[in-house]
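Okay, thanks everyone, let's get going. I'll put the structure up and then walk you through a few of the things that caught my eye.

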Amino acid sequence: MDRARILIAGGGIGGLASALALAQKGIASLVLEKASQLGEIGAGIQLGPNAFHCFDRLGVGEAARAMAVYIDKLRLMDAMADGEIMHIDLGETFRARFGNPYAVVHRGDLHGVLLKACRAHELIELRTSTEVASYDQDGNGVAARLGTGEAVRGAALIGADGLWSNVRRQVTDDGAPRVSGHTTYRSVIPTEQMPEDLRWNAATLWAGPKCHIVHYPLSGWKVFNLVVTYHNDAPEPVAGQPVPVEEVRRGFTHICERAQTIIRHGKDWRMWVLCDREPTDRWVDGRVALLGDAAHPMLQYMAQGACMAMEDAVCLADSLATADALEMGLARYRDRRLLRTARVQLMSRAMGDHVYHPAGPHAALRNAIMTAKRQDEWLDVLQWLYGGNGLD
Ligand SMILES: Cc1cc2nc3c(=O)[nH]c(=O)nc-3n(C[C@H](O)[C@H](O)[C@H](O)COP(=O)(O)OP(=O)(O)OC[C@H]3O[C@@H](n4cnc5c(N)ncnc54)[C@H](O)[C@@H]3O)c2cc1C
């Protein structure tokens, strides 16, 4: 295969993971990041065991394990009745089954681990304040056209430029992302400000009619991550806009008092109107391929977007390293990733409808189905997801 360096548009979790995965296979890359600084928003992220399989393949297993909080359970609460519906134990049996833990981390810490490893690797170059606007390609390589008009050449271009990907616009031309109408508000608060009776070592989900609340500890228990979502049919996409707490509370007046209290303790709330897309198989155009949210943006209800981006990275590098020609390697990467990522995209939507947001008899049915499963049955249900490593 052509061993000339590969261009990566985007220095988020997917882009940096791709650079590391390629470097592990001896392939050089140049990451082109639009922002003036490489970083992540100050919020938490959940990592399934499949993320840890990837960390090891990216060469950052030890550093990633050191920054995580290892929660005891995934806990589903009824936000109307104020009681636990069910939980999944994340202890020894879970870890032994999937070969790795389930954990939560601060996004900045995770991004920092990837960035440090990229900076330390001689095969990786990072450029900031560099927006990829479009690309041209011929039989010998790709030219990424920058916002400044400059062209940067490489053997291939990976579009890891997120939900609003410029690279995707050229690869698939399938219009803007779908606005879900779900509005998410995020806050991170010091642990001492979290109500004492809710300082659980769990990723907790309070599910209510058209709304839900998620909380878990982060950063060595120094802070709690709060993510609350209201399905208010918001018509326009929004990303990271500050909002007053009164606006956040408005969508949650119908749920139990204890769950509402959590919102009152939040500070500096920011708002996103969530988007996703239908799965498509148009991820590859010759020497150009999409990865992470640029390829398969999903709602966060399976907590898997970043995990899938890292799996993509591992699979991309493996597919390129074993291919005779670059175009064949990229097509093989797409074929290996398509069904798994499409399944997570579609199941994330379904989880929103049937687990996170139902009301009345629909919610009662959820409770009945979910309480009926034993712990070992939950592990069977999750095998396809957490047992994967990006290469299957
Ligand atoms: C509320 C919420 C909660 C979530 N929780 C979880 C969770 O618990 N677990 C999980 O696994 N996932 C979670 N996700 C999903 C996860 O955050 C994303 O799937 C993941 O961050 C995608 O990474 P990415 O690198 O593909 O894209 P991004 O993180 O969007 O990175 C894209 C990068 O490209 C840059 N860029 C954009 N355009 C250009 C351009 N034209 N040229 C150059 N650079 C460009 C951007 O500045 C950015 O740095 C959550 C998402 C949301 C919204």
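I'll start with the sheet, move on to the helices, and finish with the aromatic rings.

So, one thing up front: this is a predicted model. The part I'd like you to find is an open sheet of eight strands with mixed pairing. Reading across, the order goes β5-β4-β13-β14-β15-β12-β17-β16. Now, which strands stand at the edges? Those are β5, residues 83-89, and β16, residues 238-242. Each has a single partner strand, so one side of each is left without a neighbour in the sheet. As for twist, neighbouring strands here are turned by 20 degrees against each other on average, ignoring direction.

Let's go to the β16 edge. Its pairing with β17, residues 270-276, is antiparallel and runs over four bridges. If you want a residue to click on, take Pro-242, whose bridge partner in β17 is Arg-270.

At the other edge we have a helix to look at. That's α12, residues 375-386, and it lies across β4 and β5, running at about 60 degrees to β5.

The next helix is α8, residues 257-265. Which of its residues are buried? Ala-259, Gln-260, Thr-261, Ile-262 and Ile-263. The cover over those buried residues includes three strands, β13, β14 and β15, along with helix α7.

Okay, aromatics. Searching the whole structure turns up 12 aromatic pairs. Take Phe-52 and Phe-55: the ring centres are 5.4 Å apart and the planes sit at 85 degrees, so we call that pair edge-to-face. Both belong to helix α2, residues 49-58, and being three residues apart they are separated by about one helical turn. Phe-52 is buried, at 0% relative accessible area, and Phe-55 is buried at 0% as well.

Then there's a tryptophan pair, Trp-200 and Trp-206. Here the centres are 6.2 Å apart with the planes at 20 degrees, so this pair is stacked. Trp-206 is buried at 0% relative accessibility. Trp-200 comes out at 15%, and it counts as buried too, because the cut-off for that is under 20%. Trp-200 also has a charged residue to go with it: Arg-75 lies over its face, 4.1 Å from the ring centre. You'll find a similar arrangement where Arg-186 lies over the face of Trp-272, at 4.5 Å from the ring centre.

Last one: Phe-94, Phe-98, Tyr-102 and Tyr-386 form one aromatic cluster. Tyr-386 takes us back to α12, whose range is 375-386.

That's my tour, happy to take questions.

Methods:
Residues numbered from 1 in each chain as written. Predicted model: local features only at pLDDT ≥ 70, side-chain atom pairs only at ≥ 80, totals over all residues. Heavy atoms only, no water. Pairing = 2+ DSSP bridges. Helix = DSSP H or I, 4+ residues; strand = E, 2+ residues; numbered from the N terminus. Axes fitted to C-alpha atoms, helices over the stretch in contact; angles between N-to-C directions. Contact = heavy atoms within 4.5 Å. Buried < 20%, exposed > 50% of the residue type's maximum accessible area, 1.4 Å probe, protein only. Phe/Tyr/Trp six-rings, centres within 6.5 Å; stacked < 30°, edge-to-face > 60°. Lys NZ or Arg CZ within 6 Å of the ring centre and 35° of its normal.
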